[in-house]
Each structure stands twice: as C-alpha cells, then as structure tokens.
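Here is a short report on strands, aromatic rings and backbone geometry. Keep the structure open while reading.

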Amino acid sequence: MSREAVWESYTKAEKDVIAAFLASFAHANTVPQNWRMFNMLDMAFLAMEGYPIDREIMLDHAQAILDYYAGDGWYRDGQSFDYYSCWAFNFYAPLWNRWYGYENEPFLAQKFEEYSNRLMESYADFFDADGFTNMWGRSCIYRFASTSAFDGNLLLRRSAADAGLARRIASGSLLQFLTRGDFLKDGIPAMGFYGQFPPLVQGYSCAESPFWMGKAFLCLHLPENHSFWTAKENNGTWERLQKNEVKQTVLDGPALCFTNHEANGETVLRTGKVVKNVGDRHGLWNYAKLCFNTKYPWEAAPQMVSSSVLQRTCGEAKPEKKPETAVPGCVPAAGEVESQQYVLKDLTSGSVSLANATFWGGVRDGILYRRQYFDYRLDTETHWMQGLFLADFPVPCGVLRADKMKLFRRPVQFTLGAYGFPDNGTSLTEYAEGGARAIMLCGKDAIGKPRCLAMTIYDGWDGLGWLCSEGTNPDSERSIVIYAGAQKKKQYGGCESYIMISQVITKESAEPFTREEIFPIRSVSYTDPAGCGTFGPVVIELKNGEKRVVDYEAMEGNLRL
C-alpha cells in the first residue's frame with residue numbers, strides 16, 4: 001500500500017543499501033518460534049524486488065513453521081497456545097503466500113491456506129456477542145490485533161472466512177477499546193488491556209508495543225469492492241442460539257474449550273496444556289486461570305486492604321445480613337486467594353502453592369476434564385505432588401464445577417476465587433438454600449456498564465468470603481473477589497468430602513440473578529455409601545431436568561500436556 005509513496009521514492013543505489021540491510025537480518029539466526037516468519041517475509045520482499053536470497057534458508061524456516069501446527073487452525077508457539085497463532089502464524093503466512101509461497105512453494109502455501117481456513121471454522125466463536133476479545137495469554141496489550149487472523153484469511157486465494165461476520169467482529173473488538181476514555185495514556189495506547197495495568201505487562205514490552213494492534217488494519221489492504229466491505233454484516237452463532245442455549249466448541253489440538261452463552265452474550269474460555277515455572281504468577285494469570293471471560297478479564301492476586309478501606313470500597317453493600325469477609329476457620333493471608341484459580345496451603349509447613357501445570361483430558365458427555373498439579377516440576381515424581389481432578393460444564397450464565405482432590409498429604413487449606421468484580425459502587429447479598437451458600441455482587445464497571453456476579457458453593461467447601469483490592473483489576477482501580485475456602489485435615493480416611501462443587505455465573509445487567517440461577521442443583525448423588533465422593537461417578541441433577549454424570553475414571557491415560 002505504501003510502495004509508491006515509500007519504496008519507489010528511493011534511487012536504485014538507496015534501494016540496494018536498504019536491501020543489503022534487510023538481507024543481513026533475513027539470512028541470520030532468529031528465535032525458533034513465530035519470529036522465523038520475520039525472516040521469511042524479509043526474504044519474500046527481497047525476492048519480489050529481484051534481489052538474490054538463499055532459498056534453502058527460506059525452505060528451512062517455512063517447514064519449521066508448519067511443524068508448529070497443532071490442529072484446528074492453531075500453532076504452538078513454544079510451550080503455550082495463545083493469540084500468536086492468530087496475529088502471527090495466521091497473519092504472516094497469508095502475506096508470505098501472496099509474496100512468495102503461491103509462486104515458489106505451492107505445497108507449503110497450500111498447507112498455510114488449509115490451516116488458516118481450518119481456523120475460520122471456529123474462530124468467530126472465540127469472540128462474544130459484542131465482538132469482544134478475551135484477555136488471555138501473553139502480549140494482551142495488542143488488544144484487537146486478535147482480529148487480524150480474519151484479515152489474513154481474506155488475503156488468501158481460497159478464503160473460507162465469512163466476510164460479513166469478520167467485519168462485525170473486527171468492528172466490535174475495535175470498539176471494545178476505542179470507546180473507553182482510559183484507552184490512551186499521554187496520547188498513546190496505554191500499557192494495559194483497557195487503561196494502564198502493570199500486572200499485564202511483559203518484561204519484553206515497551207511503550208511502542210501496543211502498536212502491534214495495528215495488525216487489525218490489514219483489512220485496509222482489501223480493495224473497496226471486496227466482500228469484507230460489501231457483505232451484509234451478521235453475528236454468526238449469536239443469531240442462531242436459542243434462549244439460554246450454550247454452544248460449546250472443543251479443540252483438542254490446542255486444548256481450548258470455549259462456550260457461547262446466549263443468556264448473557266459472553267464467551268468463556270477454558271484451557272489446558274499449560275505448564276509454567278513454579279512461582280511464575282504472571283504466567284499463571286495469563287494462561288492457567290480456570291476460566292477466561294470476555295466481560296470479566298482476569299484479576300491479578302488481590303491485594304487485601306485494611307478495614308477502613310473495606311468500608312470505603314464495599315461499604316455501600318446492602319446485604320440481607322452482615323456478610324463475613326472471611327470463611328470461618330479459613331482466614332487467608334496475602335497471596336492465598338486468586339481469582340479463577342485454586343490456591344493450596346500446607347497447614348503444617350505454611351507453604352502456599354499454585355497449580356502451575358494443567359493437563360488436558362478432553363470432553364466427555366459435555367463435561368471438560370483436566371488435571372492440575374501444584375508446584376509441578378520434572379525432578380519430582382507426580383505421586384509426590386498435590387493435585388486436583390478438574391471437571392466442569394457450562395450453565396446458561398457461567399460454569400459449574402465438580403472437582404476432586406488428588407492429595408498425598410494433609411492437613412491443607414484450599415481457596416478458590418471467582419472472577420474479579422469491578423467495584424464502582426457495589427451491592428453484596430448473601431443467600432442460603434439447604435447446605436448451599438452463595439454471594440451475589442451487583443454494580444458497574446469503570447465506564448458505567450452494569451455487572452452482576454454470583455458464586456455458589458455446595459459440597460466440599462466450608463464457606464464463602466470476599467476480599468477488596470486495589471490495582472489488581474484491568475477494568476477498575478478497585479475490585480472485589482468472592483472466594484470459597486475449605487480445610488482438609490485428616491491424613492487418610494474420614495469423610496471429608498473429596499469433591500468440591502461450585503458455580504460462578506455472570507452477566508451485564510443490573511437485574512439480580514434469580515434463586516433458581518444461583519442454586520441450579522436439585523441433588524448430588526455419590527457412588528460410595530458414605531457420600532463423600534471417595535470413588536465412582538458423581539451424579540448432578542439440575543432443577544431444569546438436566547442430569548450430569550461426572551466420572552474421573554481413566555483420566556490418567558488420557559492426559560495431554
């Protein structure tokens with residue numbers, strides 16, 4: 001697009017100097033991941049301009065990129081899966097096809113095209129009803145660059161993208177950020193997701209990094225009569241969902257399970273094949289949350305504030321009765337509660353652990369199975385690691401969990417946080433039904449949109465509490481995290497429930513949840529006579545008539561990392 005204005009403005013001698021400079025990088029060593037495509041594009045440009053390149057080096061880079069492919073349109077960039085599959089592999093590969101691949105390496109070009117089209121089969125459902133991008137993975141300061149995979153696909157000779165849907169999502173994700181007053185800091189995009197948010201920033205990030213979001217504007221390369229501009233917009237899956245329907249997409253290759261919830265218009269992502277170093281909280285926030293929600297971006301570790309601040313931030317609450325800020329018998333210290341993560345405390349040593357490895361077990365009968373290990377490391381056998389069987393399934397406004405302990409040592413304490421809730425004037429209400437307990441928060445985000453969240457606990461938990469925090473939520477300066485807590489004390493035996501059942505539901509509405517939504521379970525049946533979940537399937541019967549059978553058997557042979 002800038003060829004005439006930039007490249008053609010140089011003399012032949014000047015072009016030769018520039019080409020030599022580019023060639024020095026194009027043929028040099030690079031980082032063995034998506035960066036190999038930088039070399040490929042440099043060489044492709046040089047070849048188009050008639051400069052010599054080493055075609056063997058080009059071929060080596062291209063075959064390596066193909067080897068990163070994991071299926072379902074996704075590439076593995078190092079250990080993890082994230083948006084680099086979309087704003088790198090599925091963005092650069094179509095450019096390479098046009099500049100070089102179609103003409104010089106048709107087999108490889110056909111593969112890149114096939115993989116991009118495979119991504120298009122499900123990628124639109126990665127976004128919510130408003131086209132919002134989920135805050136997940138590293139480099140989230142690139143924001144709406146997540147939509148660039150659509151632009152890349154539309155550059156291909158045989159594109160499978162729905163042009164009207166692609167434009168709808170590209171516009172929605174753009175508006176997600178540009179409509180907010182905190183998007184700019186000193187006149188440039190802030191180092192955060194919405195406004196400034198230091199917990200999000202990577203060590204390699206700098207002030208210019210947010211401008212990678214410019215990849216979303218590759219669509220401007222499409223001619224004015226292209227279907228991206230002329231097709232009627234549509235909203236894909238969201239136009240076809242029935243009332244309270246949830247569409248679940250399961251991609252075993254990249255270990256991604258995402259659900260589109262008609263009842264609240266949100267998309268919830270659950271991931272696997274995650275391993276981070278012990279103590280890498282930043283990596284765990286980006287990759288290892290149990291759920292990532294398009295409307296409730298992940299919260300960093302809550303910073304518990306003093307009681308005077310509690311009064312200021314949560315004092316506007318109008319509870320049915322005075323809420324307890326802490327779970328009886330479980331009073332967490334700093335670092336012992338995380339949103340959408342389990343935190344394990346050894347009550348003998350006092351050590352606190354996070355689940356830094358999440359193995360993927362796949363979906364059976366609509367239930368996603370995963371395994372988490374706390375302080376996972378290769379120099380220790382897994383039977384010396386504390387762990388959890390994760391089993392969860394979607395409900396109209398969220399996710400219901402029935403997780404099972406995999407412990408070798410007690411006594412321990414567990415906490416589990418809900419999503420971080422933006423606190424800009426919040427009401428807090430407690431509920432009880434039989435042995436179940438719940439807390440509901442209603443308020444608004446930083447730009448005044450209504451929000452409502454409820455966390456419910458059933459078997460296996462001692463109670464619910466809540467924490468107020470500052471500086472740990474990407475949307476608002478102040479936030480609230482509801483958490484469940486439990487202690488498991490006896491080393492072996494006893495009937496301390498092995499199963500921990502909970503639910504978190506959310507929506508963009510000022511209207512409170514109904515009791516039926518807050519307490520969706522009619523009954524829970526266990527196989528073991530004592531009803532502790534020590535062995536066998538767990539049958540969860542919902543009030544809407546659905547029945548879910550959670551069975552952890554044979555998970556061991558199906559775990560993938």
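How many bridges join strand β17 to strand β18? The count is 7, and the two strands run antiparallel. The model is predicted.

## The β17-β18 hairpin

Strand β17 covers residues 427-433 and strand β18 covers residues 436-444. Together β17 and β18 form a hairpin with 2 residues between them. Gly434 sits in the turn and has a positive phi of about 60°. Ser427 has Cys442 in β18 as its bridge partner.

## Strand β12 and its partners

Strand β12 spans residues 367-374. Of its 8 residues, 8 are buried, so the strand is largely enclosed by the rest of the structure. Ile367, Tyr369, Arg371 and Tyr373 point one way from β12. Leu368, Arg370, Gln372 and Phe374 point the other way. Residues on both sides are buried, and Arg371 and Arg370 are among them.

β12 pairs with strand β11 (residues 352-364) in the antiparallel sense, over 8 bridges. One bridge links Arg364 to Ile367 in β12. The two strands form a hairpin with 2 residues between them. Asp365 in that turn has a positive phi of about 50°. β12 also pairs with strand β13 (residues 387-395), again in the antiparallel sense, over 6 bridges. Here Leu368 has Asp392 in β13 as its bridge partner.

## Two open sheets

One open sheet has 4 strands in the order β5-β6-β7-β9, with antiparallel pairing. Which strands stand at the edges? They are β5 (246-251) and β9 (292-293). Each has a single partner strand, so one side of each is left without a neighbour in the sheet. β5 is joined to strand β6 (residues 256-261) by 6 bridges, and these two run antiparallel. Val246 has His261 in β6 as its bridge partner.

A second open sheet is formed by 3 strands in the order β23-β24-β25, and its pairing is antiparallel. Its edge strands are β23 (521-526) and β25 (547-550), each pairing on one side only. Neighbouring strands of this sheet are turned by 15° against each other on average, direction ignored. β23 and strand β24 (residues 538-542) pair over 5 bridges. Ser525 has Val539 in β24 as its bridge partner.

## Aromatic rings

How many aromatic pairs does the structure hold? There are 47. Trp7 and Tyr10 form an edge-to-face pair, with 6.3 Å centre to centre and 80° between the planes. Trp7 is buried, with a relative accessible area of 8%. Tyr10 counts as partly exposed, at 33% relative accessibility.

Tyr69 and Tyr75 also form an edge-to-face pair, with 5.3 Å centre to centre and 70° between the planes. Tyr75 counts as buried, at 1% relative accessibility. Other rings join in one aromatic cluster, which includes Trp74, Tyr83, Tyr84, Trp87, Tyr123, Phe126 and Trp136. Phe150, Trp212 and Phe258 are also among its members.

## A nonpolar surface patch

Met1, Phe217, Leu220 and Trp229 form a nonpolar patch on the surface. Their accessible area together is about 450 Å². Met1 lies in the segment before α1 (12-26). Is Met1 buried or exposed? Met1 is exposed, because its relative accessible area is 73%, and exposed means over 50%.

## Backbone exceptions

Most residues other than glycine have a negative phi, and most peptide bonds are trans. Three sites here are worth a check. The peptide bond from Arg410 to Pro411 is cis, with omega near 10°. Pro411 is found in the loop between β14 (398-406) and β15 (412-417).

Lys273 is not a glycine, yet it has a positive phi of about 50°. Lys273 lies in the loop between β7 (266-271) and β8 (274-275). Lys273 is buried, with a relative accessible area of 10%. Ala554 also has a positive phi, near 70°. Ala554 is placed in the segment after β25. At 52% relative accessibility, Ala554 counts as exposed.

Methods: Residues are numbered from 1 along each chain as its sequence is written. This is a predicted model: local features need pLDDT of at least 70, side-chain atom pairs count only at pLDDT 80 or more; totals for chains, interfaces and linings use all residues. Side-chain values use heavy atoms; hydrogens and water are left out. Patches are made of residues with over 30% relative accessible area and no salt bridge: like charges are joined within 9 Å, nonpolar side chains (Val, Leu, Ile, Met, Phe, Trp, Tyr) within 5 Å. Accessible areas come from the Shrake-Rupley method with a 1.4 Å probe; for residues, only the protein chains shown count as cover. A salt bridge is a side-chain nitrogen of Lys or Arg within 4 Å of a carboxyl oxygen of Asp or Glu. Buried means under 20% relative accessible area, exposed over 50%, partly exposed in between (1.4 Å probe, protein chains only). Two strands pair if DSSP finds at least two bridges between them. Axes are lines fitted to C-alpha atoms, for helices over the stretch in contact, and angles run from 0 to 180 degrees between N-to-C directions. Rings of Phe, Tyr and Trp (its six-membered ring) pair if their centres lie within 6.5 Å; planes under 30 degrees apart count as stacked, over 60 as edge-to-face and the rest as tilted.
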